[in-house]
Amino acid sequence: DRGCGSESCVGVLLERSCELLVTLVGILKAGAAYVPLDPEHPAERLAYQEHDARLRLVVTRRDLAGRLSGEGDRFLFLEPGAPPAGDLADAARLALPIDPDSPAYVLYTSGSTGRPKGVMISHRAIVNRLLWMQEALRLSAADRVLQKTPGSFDVSVWELFWPLMTGARLVVARPGGHRDNAYLARLVIEQGITVLHFVPSMLQLFLEEPGVETCRTLRDVVCSGEALPAELARRFAARLGHARLHNLYGPTEAAVDVTSWVCGEGDDRSGVPIGRPIANTRIHLLGPGLLPVPVGVPGELFIGGVNLARGYVGRPDLTAERFLPDPWGGEPGERVYRTGDLARWRDDGAIEFLGRIDHQVKIRGLRIELGEIETALSALPGVREAVVVAREDKPGDRRLVAYLTGDAAADALRRSLRERLPDYMVPAAFVTLAALPLNPNGKVDRKALPAPEWQRPQESYRAPRTPVEEILAGIWTELLGLPAVGIEDDFFALGGHSLLAIQVISRLRSTLGIELPLRNLFEAPMLAELAARVETALQAGAGRLAPALVPVLREGPLPLSFAQPRLWFIDQLE
C-alpha cells in the first residue's frame with residue numbers, strides 16, 4: 001500500500017522481537033528488500049544508510065524513530081494491537097511474482113573509503129544458501145534454532161528463515177541477550193536448543209560458562225566470522241563433545257557462507273580449515289596474473305557461482321572493481337568476487353584460511369575496514385595524521401590501536417568516535433607520536449609502530465577505598481593483565497574491549513549476585529563510577545546473600561582449593 005515493491009528498499013529499525021520477524025516477512029512478501037538499521041548504531045551512521053540505500057520507508061516503533069532525524073510519511077510505525085494497514089483478506093494481493101535475481105536484503109559493511117557500503121543479496125543467492133544448509137544439517141520439526149545474531153549481520157538471515165522453511169521451532173533471544181553467556185546457556189537448556197551460532201571469540205567465552213556441559217540438547221554449533229583456532233575446537237570437543245562443530249566461511253558479498261567444514265579429530269594443525277565449497281559455489285585460489293596456484297601455495301581467494309551478491313548499492317565503480325568476469329564460468333555474464341583473503345589448498349582438498357592481503361581486518365568476528373576508522377579520526381579536531389592497525393601483542397587478544405600526530409586527547413577522541421562509529425570500531429588504545437614512521441617509499445611503516453602502553457603512570461594511582469571497589473579492581477587486574485588498577489582508571493583506556501566487558505559483568509554476577517546491564521560499563525568506564533553503580537544495585541536488593549555454611553561429607557576426596565593445585569604444580573616443576 002505504501003508503494004514498496006521490487007527493487008525498492010525498506011529500512012527496519014527494530015530490536016530483536018517477534019515484530020521484527022513479521023516485518024521482514026512482510027517486506028519480502030511485497031517483493032521489496034529489507035535493510036536492517038541497528039538501534040545501537042550511532043545516529044550519524046543510520047542517517048547515512050537511510051540516504052545511501054534510498055529507503056522508501058522505515059518500519060519502526062515511535063520510541064525508536066528518534067534515532068533518525070526528521071519527520072514525514074517515510075515512517076511506518078508498529079503499534080501494539082493496531083489493525084492491519086491494508087486489506088489482508090484478498091489473498092491474491094500477497095501472491096506477487098518475485099524475480100529470483102531481485103534483491104532480498106541489503107547489509108552494510110565497513111568501507112575502505114571511509115563510507116560503509118551496502119551489499120545487495122538476491123533471492124536466488126540466499127535461497128541457494130538455505131537449501132544447502134538444510135541438505136547438510138537436516139532440520140526437522142523436533143529441532144529448535146536460537147536466533148541471537150543482530151539483524152545487521154548476515155548470520156541472522158539463516159537463523160530467522162531456515163527454521164521457518166523447514167518446520168523447526170524458532171526461539172528468539174531477548175534484545176542484548178547475545179552478549180550474556182549465562183543467559184544463553186540457560187536458554188539452551190530451558191528451550192531445548194539444538195542448533196545455534198557463535199563467532200569463535202564468543203564461543204570461547206561460552207565454553208567458560210559454568211555448567212555449559214549440561215547443554216545436552218545441542219546437536220550442531222556453527223562457527224563463522226573469524227578464524228577458528230584448533231585449540232578452541234579441541235576445547236569444544238572436551239566440553240560439548242556430543243555436538244558437531246561446523247566451521248563456515250563467507251564474506252558479506254556472498255549469501256552468508258560459501259565453504260563449510262565439520263570439525264573432527266584430524267584438525268591437529270595451527271588452525272581449522274574452512275572446508276570445501278557449498279552447493280552451486282566455486283572457489284578459485286589465484287596468484288600473480290590471476291593464474292591458479294598449486295596445492296600448498298598461498299593465493300587470493302575468489303568466489304564464483306549462485307551465492308554471489310548483485311553488487312554494492314549505488315557503487316557501480318566499486319562493484320566492477322571487486323566483481324570480475326568469471327573466465328571459468330559456463331554462462332554469459334557470470335562473475336567472481338575478489339575477497340582479498342589469502343588461502344591455500346590442502347592435499348585433502350580442503351581450503352586453509354591464511355589471513356588478509358589488504359587493510360581489512362576482523363575483530364571478534366566483525367569485519368572492519370581500517371580506512372573507515374582512519375577517515376573518521378582524521379576529521380576530528382587536533383588530529384593531523386592517523387593510522388589504525390589491528391595488533392595481537394598477546395595470543396588470541398586482537399585489538400585496534402590508533403596512532404596519530406597532533407594534540408588531541410585520547411578521551412576526547414574516544415568519545416567523538418563513539419558518536420560516529422559502532423563500539424566495535426572504536427580503537428582500544430590511542431598512541432600519539434611526534435611523527436609517523438615512514439618506509440623508504442614514503443609510506444607509513446606499520447611494522448615500525450610501537451606497541452601501546454596499557455598501564456597508567458604510577459603517580460596517577462589511587463587505591464580502592466571500599467570493598468566493592470576492591471572486588472572490581474581485582475576483576476580488572478586479572479582480565480587486563482595489570483599489576484594494579486586504581487579508582488580513577490578507565491577500563492577502555494587500559495586496554496579493555498567489549499568481550500572483556502562481558503566478562504566483567506559475568507564475574508560481578510558470580511561474585512556479588514547482581515545482574516548489571518552491560519551498557520553500565522560503557523556509560524561509566526571509570527572504576528569509581530562503575531563501583532557506584534554496583535553499590536546502587538546492591539542497595540536496591542539486586543545482589544544475593546552468601547549461602548549458609550553447611551557440613552559436607554568427609555568420606556571421599558575433598559575438592560582442592562585454588563592454592564593447592566598451584567603448590568602441587570610448583571613442587572612437580574622443581
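Here are three short exercises on helices and cores in this predicted model.

**Exercise 1.** Work out what helix α11 (residues 467-480) should span, and compare that with its end C-alpha atoms.

*Solution.* Start with the 14 residues of α11: at 1.5 Å a residue, they should span 20 Å. Next, take the end C-alpha atoms, which are 20 Å apart, so the two values agree. Just after the helix comes Gly481, with a positive phi near 70°. Now look at burial: Val468, Glu469, Leu472, Ala473, Ile475, Trp476, Thr477, Leu479 and Leu480 are the buried residues of α11. Their cover includes β22 (383-394), α12 (498-512), α13 (519-523) and α14 (527-539).

**Exercise 2.** Decide how helix α1 (residues 18-29) sits against helix α4 (residues 155-166).

*Solution.* First get the geometry: the axes are 11 Å apart and the packing angle is about 75°. Angles of 65 to 115 degrees count as roughly perpendicular, so α1 is roughly perpendicular to α4. Then pick out who touches whom: α1 brings Leu21, Leu24, Val25 and Leu28, while α4 brings Leu160, Phe161 and Leu164. Finally, sort the contact by class: 7 nonpolar residues, no polar and no charged ones.

**Exercise 3.** Find which element gives the most to the largest nonpolar core, and trace what Val504 touches.

*Solution.* Begin with the core itself: it has 64 residues, and Leu218, Leu245, Trp476, Phe491, Val504 and Leu508 have the most contacts inside it. Elements giving two or more residues include α5 (181-191), α7 (230-240), α11, α12 and α14. The top contributor is α12, with 8 residues. Leaving out residues up to four places away in sequence, Val504 touches Leu472, Ile475, Trp476, Leu479, Phe491 and Leu521. Don't stop there: a second, separate core has 57 residues, among them Val12, Ile121, Ile278 and Ile283.

Methods
Residues numbered from 1 in each chain as written. Predicted model: local features only at pLDDT ≥ 70, side-chain atom pairs only at ≥ 80, totals over all residues. Heavy atoms only, no water. Helix = DSSP H or I, 4+ residues; strand = E, 2+ residues; numbered from the N terminus. Expected span 1.5 Å × (residues − 1). Buried < 20%, exposed > 50% of the residue type's maximum accessible area, 1.4 Å probe, protein only. Contact = heavy atoms within 4.5 Å. Axes fitted to C-alpha atoms, helices over the stretch in contact; angles between N-to-C directions. Parallel < 35°, antiparallel > 145°, perpendicular 65-115°, else oblique. Nonpolar A, V, L, I, M, F, W, Y, C, P; charged D, E, K, R; others polar. Core = buried A, V, L, I, M, F, W, Y, C linked by side-chain atoms within 4.5 Å.
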